[in-house]
Amino acid sequence: MRYALCLALLAGALALPAAASVGYRLNDPALAARIDGAPVTAFAVDALWRLARIKEPQAARSAMLEEVVLNRLLSAAARERFDEAQLYAGQRVGFTRDVALDDQLVATLRTLYDQDMQQALRQLPGGTLDGLIVDQAKPTPAALDAVFGKPEQLKLEFTLNAGQLTRARDIVLLRYTLPSGAGTVTLYDVYRRQNVQGRVALYNRQPDFLQQQAKQDLASRFVLDWSRRRFGDTAIADLRRVLAERGEVHALRQLHGIGDDIESTSPLLQRLAGEVTPAQIAAYYTRHRSEFTRIERVKARHIRLADESSAQTAFKALNNGADFAATARRHSIAAKPPAPAARWAGYATKASRTGWRNWRWRSPKARHRAPSAHPPARMTPQRGKSSRSNSA
């Protein structure tokens, strides 16, 4: 529901064309829909639906189909209005997007069809991926120097130029034969799949790293080869497209401040914020005052303690009616300021009719975030090193 609302907000922000033609009732069972005549495969929709049901067994296929269709429309609109640098502004990407997408595709297929793939592996000579390898070669130090330079040379960045990339393509690390045909994994193939840490490992000639990465590349090729032979090239290509569009829409959500992190910002939001004056904000608030409501909340304070035993002692004292500030002065290990050592933790906002939500407070049995009880009731003891009390 929350994700669907995010997509609806984006659709409104981008003013998607209402004339897009989407057809669902098709005679071809291999298709789930057509968008302006272009097919959406049932395989891609079913794959995402099965993934969703792993976390949410009640997930509906119809909802997933609607998400796939809207993602396709949104991603097309995003590519028309933003270039890649704008769309992914502020995002930290360790791998190139193509590599990350290939890895996501392989991971998705393995999650859904791992048992079938394992059975196919057991039928190989030796029952492992090694049965696919025809030949392996370890590059000479001179060949690696020609690509990466001397290991002891100081590097400001770990990026190959065009000439180095050409030499990397000529260095074959292993030869293999898949059911669909023979192929090679080159140094270039391994290099392009690395993030910064991986490229540093290549430059530093870490022992066995090259061969390990070459075999990992071969494993991904095996997954894709098996999947294409079983489901067809079109189905796998469409699944990859669906995953790519989901990623683009996620980037679009973040760009418009509808990301998972409500505290995040983006150049787009900063630019739009700069175009609005305080007078315009005040005027909007005046016109829409009824839309702004004060959320019921409580203040909270906490006592920092050395161990669980001390936390339980303080907790019992509070439950027996002890003054919170006096208990804090007696038990707290926090630096003693002039005021009582009971420290304000901030505000908790009411999340539902049955509880209160907070972000940073800890109770005696939980180092992680946990919901508190109704104010002014005190927390039930939980594992951890602090005690707290809520007051209206």
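# A guided tour from helix H10 outward

Begin by selecting Ser227, which lies in helix H10, residues 209-231. The structure on display is a predicted model. Ser227 has a relative accessible area of 0% and is therefore buried. Display its side chain next: this side chain reaches the backbone oxygen of Val223 at 2.8 Å. Which residues does Ser227 contact once neighbours within four places in sequence are left aside? They are Leu109, Met117, Gly232 and Ile236.

**Helices H5 and H10**

Keep H10 in view and add helix H5, residues 97-122. The axes of H5 and H10 cross at roughly 80 degrees and come within 9 Å. H5 is therefore roughly perpendicular to H10, the class that covers angles of 65 to 115 degrees. To see the interface from the H5 side, select Leu105, Val106, Leu109, Arg110, Tyr113, Asp116, Met117, Ala120 and Leu121. Their counterparts in H10 are Ser220, Phe222, Val223, Leu224, Trp226, Ser227, Arg230 and Phe231. Ser227, the starting point of the tour, is thus among the H10 residues that meet H5, and Leu109 and Met117 are among its contacts.

**The largest nonpolar core**

Select Leu109 again and add Phe148, Leu187, Phe222 and Leu239; these are the residues with the most contacts inside the largest nonpolar core. That core has 57 residues. Which helix contributes the largest share of the core? Helix H5 does, with nine residues. In soluble globular proteins, nonpolar side chains tend to be buried together. Two of the residues just selected, Leu109 and Phe222, also take part in the meeting of H5 and H10.

**Lys215, elsewhere on H10**

Move along H10 to Lys215, which lies in this helix too. Is Lys215 buried or partly exposed? Its relative accessibility is 32%, so Lys215 counts as partly exposed. Not counting residues up to four places away in sequence, Lys215 touches Asp130, Ile133, Gln136 and Leu174. Draw a C-alpha to C-alpha distance from Lys215 to Val190: the two are 9.6 Å apart in space and 25 residues apart in sequence.

**Helices H3 and H11**

Now select helix H3, residues 61-81, together with helix H11, residues 233-255. Two packed helices are described by the angle between their axes and the distance between the axes. For H3 and H11 the angle is about 65 degrees, and the axes are 8 Å apart. H3 is therefore roughly perpendicular to H11. The crossing in which H3 passes H11 is left-handed. On H3, the contact is made by Met64, Glu67, Val68, Asn71, Arg72, Leu74, Ser75, Ala78 and Arg79. On H11, the contact involves Asp238, Arg241, Val242, Glu245, Arg246, Glu248, Val249 and Leu252.

Within this interface, centre the view on Glu245, which is found in H11. Glu245 has a relative accessibility of 2%, so it counts as buried, the cut-off being under 20%. Leaving out residues up to four places away in sequence, Glu245 touches Asn71, Arg72 and Ser75. These three also appear among the H3 residues that make the contact with H11.

Stay on H11 and select Gly247. Gly247 has a relative accessible area of 31% and is therefore partly exposed. Add Leu101 and draw the C-alpha to C-alpha distance: Gly247 and Leu101 are 8.7 Å apart in space, although 146 residues separate them in sequence.

**Two loop residues with positive phi**

Most residues other than glycine have a negative phi, and most peptide bonds are trans. Two stops depart from a negative phi.

- Asp36 is placed in the loop between strand S2 (31-35) and strand S3 (38-41). Its phi is positive, at about 50 degrees, although Asp36 is not a glycine. With a relative accessible area of 53%, Asp36 is exposed.
- Arg205 is found in the loop between helix H9 (196-203) and H10. This residue, also not a glycine, has a positive phi of about 60 degrees. Its relative accessibility is 22%, so Arg205 counts as partly exposed.

**The full view**

Finally, display the whole protein. Its secondary structure comes to 15 helices and ten strands. Of the 392 residues, 37% are buried. What share of the contacts between residues at least 6 apart in sequence joins residues at least 24 apart? The share is 62%.

Terms used:
Residues numbered from 1 in each chain as written. Predicted model: local features only at pLDDT ≥ 70, side-chain atom pairs only at ≥ 80, totals over all residues. Heavy atoms only, no water. Helix = DSSP H or I, 4+ residues; strand = E, 2+ residues; numbered from the N terminus. Buried < 20%, exposed > 50% of the residue type's maximum accessible area, 1.4 Å probe, protein only. Polar contact = N/O pair within 3.5 Å; in protein donor to acceptor, adjacent residues only side chain to side chain. Contact = heavy atoms within 4.5 Å. Core = buried A, V, L, I, M, F, W, Y, C linked by side-chain atoms within 4.5 Å. Axes fitted to C-alpha atoms, helices over the stretch in contact; angles between N-to-C directions. Parallel < 35°, antiparallel > 145°, perpendicular 65-115°, else oblique. Left-handed = near helix turned anticlockwise from the far one by under 90°.
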